[in-house]
Each structure stands twice: as C-alpha cells, then as structure tokens.
Amino acid sequence: MKVWLPKSKFKQSVANKLILYILLFSSCITLIATIIQLYADYKKDMTTVENNIQQIGMSYLPSLVRSAWIANHSLLEVQLEGILHLPNIQYVKVELEEGDVLTAGEIKESDTARLHQYPMHYNYNQEDINLGVLSVIVSLDEIYANLMDKAIIILITQAIKTFLVSIFIFFLFYWLIGRYLNIISNYAEQLDLVETTHALELDIEKQHNNELTKVVDAINKMRVGLQKVYGELDKKVIERTAELAAANQEIVKLNKQLQKDNLRMGAELQITRRLQEMLLPKEVELAKIPDLDIAGYMQPADEVGGDYYDVLTHNGHTKIGIGDVTGHGLESGVLMLMVQTIVRSLLMNNVTDSKLFMSTLNQIVFSNIQRMGTDKNLSLTLLDYDNNGHVKICGQHEEVLVVRHDASLERIDTDSLGFIVGIEADISQFLSQLSIKLNPGDGIVLYTDGITEACNAKQELYGLERLCDVITDHWEHPVTTIRQAIIDDLNQYIDQEKVYDDITLLIFKRKVIA
C-alpha cells in the first residue's frame, strides 16, 4: 500500500514538529512510567527476599537446631533442601561444632549474592549450647534478570504504541488542518492586489464553522480591504506625482532665482569685504605714531564678519578701538563700517570725553539699526592714548591685556566699563572709564573671540590662557614678532579646522627712548 504524502512544503510543516514533540513527550512519559513500575516490582521482590530470610530464621532454624542436637544428619539434609527450594536461595550450609559440614546447592560467581548467617543454639537445662552456624547465600540475579525482561517488553510495547499513535495524529492533523494550510499558503502567494482575485474557499461543510473557516473569512475580508486601499493608494500616488512635478517646476524656478540672488549677494559680499580691508589701518599710518609700536591683524571668516579694529590719530590724540558685531554676513559688515565711520567723525569733531564719545556713538548706531530693521549689535571697547603714556579705557568687549616691560601681564575685565552698543538708545548710565599708565616697554594686547574660541580637531578651545602664555613668552620682541608668534601658534593649534569667526588682533607697545 502506497501512502500519499504532501510534497516539499509539508516536509518542514507544523505536522512534522507536532509528531516530533509527541514522540519526545511520549518517550519521556514511557521512560518515567517504566522506571516507576520496575522500581515497584524491585521493591516487591526485595520484600519477598526479606520475608524468606526471616522465615528461615523463624521456621527452619529451630527445626535444624533440634535435628543437630539429636545428630540426625539425614533430617538436616532434607531440611537444607527445603530451604534451598525457597525463591532466590542459591546455597545453604550447616557447620556443626563437632566438625561436620552439610551443604545444599552450589556457590556461583555473582555480584548480587548476599550471605546471611544464623547461630545455632540449643537450650539445655537453661544453658545455651552452641551447635554450629547456618549459612545462607541469597542471589538477586534472577530478580534483576526478570526486571530487565520486563523493561525490554514495556519499552518495546510502549514504543510501538507511541509510534502508531503519532502516525495516526500526523495523518489526522494533515487531514483536518495541514492540507487546508497549504491551500491558504498557495492562495496568499498568488494574491494580486491589482487584478481581481477570486475568494479563498476550502472544501469544508459550511455547517462546520471552526477556526479554519474563521481564518478564511478573515483572509477574504483582508483581500477586499487591501484591494480597496491599494486602489486608493494608486490614485494618491498619481495625484502626488502630479503635485511633485508641479513642485519640481517651482523648485527649478526658485533655484534659478536663487542662483541670481547668490551671484548678487556674492558680489555684495566681495564689495563689503573689500571695503572692510580698505578701511583697516595701514602699516604706514601706524608707523607715523611717534610714541607707539603698533601691529594689527585681521583674518575674515568665509562670510563677511563684523570684527572691527582701528587706530586713528588727530591733533596728537590717538583713538584705538576694537569690537565684534553679532553674526556674519552683509548686515554685520555694514554695521562694522558704520561704526568705523562714526568713530572717525567724532574724533575729527574733537570729542575727547570717553563716555560722551561712546554714548554718542551708541545713539547713532541704535538709530541706524532701528531704520535697518535688524537685530544686530556689537561689543566695543575704545582706548584713548596720549603721548605721556596715559590710557583711558571705556566700553564693553573682551578683556584688555596689559603687559609690562618685564612680561608681567594684567587682565582687565571690561564688563563694568560699558554696555553692548545698539541695544538701548541711551547707555550713558552704564558707561565708565579706567585710566592706566604705560611706561616705556609696557603695552596692551586687544583681541576678538575669534582667537580664544578657535577650535582644534577635538573641538577644544584655544583659550585666553594660551594666548597670554604666547604673549609673555615673546614680549621682549617687537610687536610684529609677537603678532606672528600668536598667529603661528593659533594656526598650529587649529590645524586644518575651518575658521568660523573673524580673527582680529591688535598689539601696541610704548617705545623705549634710547
């Protein structure tokens, strides 16, 4: 008889796993049940052996003692044969005090043999007389052999039963569930959401409403729902594609406009950068200041920034300024140019009072910022130097570094000397000035945060401490040498990292008169 089995899809089916689990579980149960049954039989047989041992001591031993007392050897031999016929008794021996030895059975090599000895005492005139010793060897080989036979029979019968039951369950599972699962699987693989697909049907009588029929109903409902959603999605894709095409055209149009704007802005930035560079103090101008050795440096960022520094002279009065406009780009550059123009105008109009100078500058900048409609502002510190070495400092910016001729350095915090320019219309109440005296060889270093906040590859700041160390290490040299030492150390520190802010540095030292 040839048994039909499903093909490859069923070779790794749930039925295979089911029959495997049934076999494993049944085998475990069979093994446990067999062990329990064999143990019960073993205890029963051992109880029988113990009872026989007790029976020998209680029933046979008194008869043997009386037979030994009257020296009836024939009766002793008969009694020993009787003991030998008890279950599991292998060998019986009586050793009499007078030296006679009577035996029944034979001694065989066995690991299960046990020796039991019974002293033979006879009470005569209230005196125990030792007549000899009864020795009995009990063998458990027969018990173990019977247990092994039982175990083999139980395991074979249980294995056959388990195998037959498993085969029956296997075919029952396939007939009731497995073949329908194959049909459902094939239907799911061939399901097409574009073309109308026939409903899933199983040859199950409709009155048998079981789990499979519920699965079929769910799949059919899902098919209808998916086809509906797919149709709606297809429409949305078409609509979205049209929208994207229209948006792409708009993007192309905007991109062309952006290119034009970029060209225009690039031109504006180039013009602003050029104006910024043109308005910086020239080396020739700085060299004409008789009492000071001055060196400046500015490295603009990729975009036009708002760093400002200037050195202006008028009627023997020197005005030194440094500032930083917030942000980058055209507005910041314009505000920087605006500040430079205002400083020069006020200086040319002989405004010498530091607080009045800063207050007037703030009012003009504030008014222009309001007209521009921007949120830009700037930090700014202005220094006034006369030919006697007196310096007045006013305005809020980075710390002012005062370096004495012996390279000792003092850091002056400017937060209390002013206020951010361009935020309030009147900042006069926040302004104050600080006066210091520079002796020959003394000087001042001004900088913007583009130096102290420059980062290396590990995103670590250059920092003010490092700047101060470089300054003091090179203060004995001319200011141009000091400037180059700072720039070289900064470039070495940041290496190939991008510069995101303008780098501005201004150093001046009072000349030593020979």
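These legends walk through a predicted model, one close-up at a time.

**View 1. The whole chain stretches well past the globule estimate.**
Start with everything in the frame. The secondary structure of this chain adds up to 11 helices and 14 strands. Its C-alpha atoms fill a box of roughly 160 × 85 × 40 Å along the principal axes. A compact globule of 514 residues would have a radius of gyration near 24 Å, but here the value is 57 Å. As for burial, 40% of the 514 residues count as buried. Now think about who touches whom: take the contacts between residues at least 6 apart in sequence, and 69% of them join residues at least 24 apart.

**View 2. Four strands line up in an open, antiparallel sheet.**
Read across the sheet and you get the order β2-β1-β4-β3, with antiparallel pairing. The strands at the edges are β2 (101-105) and β3 (114-124), each of which pairs on one side only. On average, neighbouring strands in this sheet are turned by 15° against each other, direction ignored. Helix α3, residues 73-84, packs on the sheet and touches β1, β2 and β4 (127-138). The direction of α3 makes about 155° with that of β1.

**View 3. Strands β1 and β2 are joined by a set of bridges.**
Zoom in on one pair from the sheet. How many bridges join β1 to β2? There are five, and the two strands run antiparallel, with β1 covering residues 89-96. To pick out one bridge by eye, find Tyr91: its bridge partner in β2 is Gly105.

**View 4. Asp307 is tucked away with two threonine partners.**
Asp307 sits in strand β6, which covers residues 307-314. Is this residue buried or exposed? Its relative accessible area is 0%, so Asp307 counts as buried. Its side chain still has polar company. One polar contact goes to the side chain of Thr448, at 2.8 Å. Another goes to the side chain of Thr504, at 2.7 Å.

**View 5. Lys150 and Asp41 bridge two helices.**
Time for some charge pairing. Side chains of opposite charge can pair when their charged atoms come close. The structure holds 10 salt bridges, and the one shown here is between Lys150 and Asp41, whose closest N and O atoms are 3.2 Å apart. Lys150 belongs to helix α4 (residues 141-189) and Asp41 to helix α2 (residues 14-69), so this pair links distant parts of the chain, 109 residues apart. The two partners fall into separate accessibility classes: Lys150 is partly exposed at 35% relative accessibility, while Asp41 is buried at 17%.

**View 6. Arg411 takes part in a salt-bridge network.**
Here a strand meets a helix. Arg411 forms a salt bridge with Glu465, and their closest N and O atoms are 2.9 Å apart. Arg411 is in strand β11 (residues 409-412), and Glu465 is in helix α10 (residues 464-474). That makes another link between distant parts of the chain, with the two residues 54 apart. With 38% relative accessibility, Arg411 counts as partly exposed. Which residues make up the network around this pair? Glu399, Arg411 and Glu465 are linked in a network of salt bridges.

**View 7. Arg466 and Asp489 tie helix α10 to helix α11.**
Stay with helix α10, but move to another of its residues. The side chains of Arg466 and Asp489 meet in a salt bridge, 2.9 Å from N to O. Arg466 lies in helix α10 and Asp489 in helix α11 (residues 479-494), so the pair ties together parts that are 23 residues apart in sequence. Arg466 is partly exposed, with a relative accessible area of 30%.

**View 8. Asp489 has company beyond its salt bridge.**
Now centre the picture on Asp489 in helix α11. What is its relative accessibility, and how does Asp489 count? The value is 15%, under the 20% cut-off, so Asp489 counts as buried. A polar contact of 2.5 Å joins its side chain to that of Tyr462. Leave out the neighbours within four places in sequence, and Asp489 is in contact with Tyr462, Arg466 and Val470. Tyr462 therefore turns up both as a polar partner and in the list of contacts around this buried residue.

Technical notes. Residues are numbered from 1 along each chain as its sequence is written. This is a predicted model: local features need pLDDT of at least 70, side-chain atom pairs count only at pLDDT 80 or more; totals for chains, interfaces and linings use all residues. Side-chain values use heavy atoms; hydrogens and water are left out. Two strands pair if DSSP finds at least two bridges between them. Axes are lines fitted to C-alpha atoms, for helices over the stretch in contact, and angles run from 0 to 180 degrees between N-to-C directions. Contact means heavy atoms within 4.5 Å. Buried means under 20% relative accessible area, exposed over 50%, partly exposed in between (1.4 Å probe, protein chains only). A polar contact is a pair of N or O atoms within 3.5 Å; within protein, one must be able to donate a hydrogen and the other to accept it, and residues adjacent in sequence count only if both atoms are side-chain atoms. A salt bridge is a side-chain nitrogen of Lys or Arg within 4 Å of a carboxyl oxygen of Asp or Glu. The radius of gyration is taken over C-alpha atoms; the globule rule is 2.2 Å times the number of residues to the power 0.38.
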